[in-house]
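Me: I would like to go through this model step by step, with the reasoning spelled out before each value. Could we take the domains, then the chain interface, then the nonpolar cores?

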Amino acid sequence: MATVKEFRNNIRPNWCPGCGDFAVQASIQRALGNLDLEPENVAIISGIGCSGRISGYVNAYGFHGVHGRSLPVAQGVKLANRNLTVLAAGGDGDGFGIGLGHFMHAARRNMDITYIVMDNSIYGLTKGQHSPTSAFGFKAKTTPAGNIENAISPLQIALAAGIGFLAQGFSHDVSQLTELIQAGIRHKGFSLINVFSPCVTYNKVNTYEWYKEHTISLEQFPDYDPTNRKMAMEKVADTDGLCTGLIFEDKNKQPFDSLVEGFKETPVVHQDIHIDRDFFEKTMEEFA
Amino acid sequence: MLQELSWKVGGQQGEGIDSTGKTFSTSLNRMGYYIYSYRHFSSRIKGGHTNDNVRVTTEPKSASADYLDILVAFDQETIDLNGGELRDGGIVIADAKFNPNLPDTLSSNVKLVVMPFTKIAEEHGAVIMKNMVALGATARLVGLEANFCASVLQSRFGRKSQKIVDQNLEAVKAGYDTMSNEQIDFSAFKLAPTTPDKHLFMIGNDAIGFGALAAGARVMPAYPITPASDVMEYLIKKLPKVGGVVVQTEDEIAALNMTIGASYAGARALTATSGPGLALMMEALGLAGMTETPVVIIDTQRGGPSTGLPTKHEQSDMYAVLFGNHGEIGKIVLTPSTPEESFYATVDAFNYAEKYQCPVIIMTDLALSLASQSVRPFNYDAVTIDRGRLATQEQLDQVPTGQMFKRYERTEDGISPRVFPGQRGGLHHVTGVEHSEIGRPDEGKKNHVLMMNKRLNKFNGTELPNSVSYTGDKNPDILLIGVGSSIGAIDEGTERLRKQGLKVGHVQIKVLSPFPINTLTSYVNSAKQTMVIESNGTGQLFHLIQFFGLTHPEMKSYLKYDGTPFLPKEIEAHVKGSMIAWQR
């Protein structure tokens, strides 16, 4: 039986002390342990950025691809082996900047993958440029006079793309984040857990204190119904995207792999890929 | 009597020109004739001129004919655009509906036969059958039976209804009978008989799709693009029968990254694209090289640059395929010449990809991808599957607890054992960052050099089997060098020149990487002069040959980049001209 320990390795992350990503790493490890998964049955696919290094910091199969493309790689992994628990992870630049297109399409394609975004509204690894979630007016290296572009709302985009599971966490609350990640993994289909994961070095605006002050837990709304898409849309708008907790889940949505014609329970990787002579000849005959 | 027939049908896109050509060519293929059929089409669905040029021979040919014998026209534009291709004594058969006329520019010896295709079709039930009437007229002219296309019509419409089959056959017969009344010397157009023999009839893209199926490919992420889409359209029909899947991705970047993910997780995976998509795949191509992930990429070249000529022929991606990615990776590039070679090259590609743990690109060109050709049946027993070096569970069990599996172990031949996620004891990391043997980022000087050498030296001195083919004279006065679909036109040109007493050799390059320098050198050194023949504007192959170290004092370049493939007569005339100039 696997526990959180099995998902820890001896690699020291190259994140700055105090980085929000440590809490995300811990939450992923706990969630995987709590779900009693074996490390060899988990694949973590990440992109580029500080947070992209996370695939090396969890004891599982890890793939660190190119910038913005964790989701296409993760979907490929799932196609080859539907028995694996596949996580994709990266930052807001990786997922909502260069990789935004893949995110929307992954959401609507709905493969059974859990996507964890460490959102700090800044480009950290390249040392402090503004990101797609940086607020209007935000000052960074590339916005010395303040950001003249508007921040996108990953949550609204996710809902608009037809996502089946949407949650938002905060690095300050590891137990909530662990639960959200667990729920995302359990969800049959594509799930996004967007995590406010402060950059302590380059973002002096969206700090732990700032998030503590501005985020609103959905538990404060006893009537909130996360199965209601319209309510989710409204709540995300009302809270300016700063609500935390389970925002939306559609349990009836069928994941991609259960809808593929002729797809087998046995993963592709375990199937005999030789075709028999009879099938070969018959298929060739169609060209005569 | 005609030893071979060159027939073309033309009209507006969307009025059944394709299916007319296909019915004609498939029927003759079933009778044992060899077919080479090349379509002219545009990037639009309805409207615009389209035609299908069908060459019928009693021996295999892999090029269009130099001239037309018969042109079937459904509009005046077809005559105006294609009439010039008719040989002396050729015939235009045209629908009376548009009051056809022959432009003054045509040879006075070209005959116009006007027939009421549309009217006859209407009388038999539907205007759409005017194509069938034209087929009947053609059949009579070239001495085929009126029911020559019965089996093809049966397979096409039989499942819908027998009535449709019968109606179409009646329309064919009506066209046949009407032609009988024409005052023509039918014996001059009678097609020589052939020996009944079984061939397949397919486009290069079909051969690649079928090859991938046979090779065990089970995942194909791809984005639609001309002229590559047929590969995914074929596999979307076939992969569900074997538990596989095709995913139409949001773009080519996703397509190759998803292919990489699937291969990393143990599936045989491929994607297919053309120039613009290939450009978008370059970063992922580097990732596949860096992470030593086997992937197969089909690049069906079309006219460039940019959107270029999406439906026209060109061979201008050679530089992009070989040098397009940033940084340096090893890769294998296969350039088959025919559908038959494309099938086996695809099977090989998956084996090479897993043996060498690298990307393999199968580079075709539009003529190879889309021309329909007669093909010898493929050999089931020649299809082998070699998954390369995989770690066994016993090896994995020996990995000490708490340590990672050395996925990038430095071995003598540079090839390390692979494991797939899900395997116990195989945990390791994969990254596009320079890495250690267990896949951890390691940017140290020593490590980078060792790992670069590991990845690049896998191919040292390797020359893949069948990297080139050779026909013609030994020690020739001129050696013609080509790549891709031009094999048929160059071969025919070569044969004609040899019959005229010239000593000509022809080498066709089937592998661009690793470049078959040794084999090619011996051929080139044996020739007095050489000519590199290719469909692009800068002489990419001409320069590549020299880039890879081959020199010859008399190396000439023959380029064509008007969007159409070489014809045998063009090769013949150009080479002859060059020889005369050289001998002076």
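Reply: Yes, with the caution that this is a predicted model. The domain assignment of chain B gives domain 1 (5-198), domain 2 (202-382) and domain 3 (468-583).

Me: How far apart do the C-alpha centres of domain 1 and domain 3 of chain B lie, and what area is buried between these two domains?

Reply: The C-alpha centres of domain 1 of chain B and domain 3 of chain B are separated by 35 Å. Contact is nonetheless made, with nine residues of domain 1 of chain B meeting ten residues of domain 3 of chain B. Carbon and sulfur atoms give 47% of the area buried between domain 1 and domain 3 of chain B, and that area is about 720 Å².

Me: Which residues in domain 1 of chain B lose the most area to domain 3 of chain B?

Reply: Three residues together account for 56% of what the domain 1 side buries, and they are Tyr38(B), Ser62(B) and Asp66(B).

Me: Which residue forms a salt bridge with Glu492(B)?

Reply: Between domain 1 and domain 3 of chain B the count is two salt bridges, alongside three residue pairs in polar contact. The side of domain 1 of chain B that touches domain 3 of chain B divides into four nonpolar, two polar and three charged residues. For Glu492(B), the closest N and O atoms of the salt bridge are 2.7 Å apart, and the partner is Arg55(B).

Me: What area do chain A and chain B bury between them?

Reply: The contact involves 56 residues of chain A and 69 residues of chain B. On the chain A side, Tyr61(A), Ile273(A) and Phe287(A) supply 16% of the buried area, more than any other three residues. Carbon and sulfur atoms carry 65% of the area buried between the two chains, which comes to about 5,100 Å².

Me: How many salt bridges are counted between chain A and chain B?

Reply: One salt bridge joins the side chains of Glu285(A) and Lys198(B), at 2.6 Å from N to O. The chains also share 21 residue pairs in polar contact, while the count of salt bridges between chain A and chain B is four.

Me: Which residues have the most contacts inside the largest nonpolar core, and why does that core lie between domain 2 and domain 3 of chain B?

Reply: The largest nonpolar core has 99 residues, and those with the most contacts inside it are Ile247(A) and Ile545(B). This core lies between the two domains because both domain 2 (202-382) and domain 3 (468-583) of chain B give residues to it. Apart from it lies another core, of 49 residues, including Met284(A) and Tyr352(B). The residues asked for, in the largest core, are Ile247(A) and Ile545(B).

Terms used. Residues numbered from 1 in each chain as written. Chains lettered and ligands numbered in written order. Predicted model: local features only at pLDDT ≥ 70, side-chain atom pairs only at ≥ 80, totals over all residues. Heavy atoms only, no water. Core = buried A, V, L, I, M, F, W, Y, C linked by side-chain atoms within 4.5 Å. Buried < 20%, exposed > 50% of the residue type's maximum accessible area, 1.4 Å probe, protein only. Domains from an automatic or database assignment. Contact = heavy atoms within 4.5 Å. Buried area = accessible area lost by both parts, 1.4 Å probe. Polar contact = N/O pair within 3.5 Å; in protein donor to acceptor, adjacent residues only side chain to side chain. Nonpolar A, V, L, I, M, F, W, Y, C, P; charged D, E, K, R; others polar.
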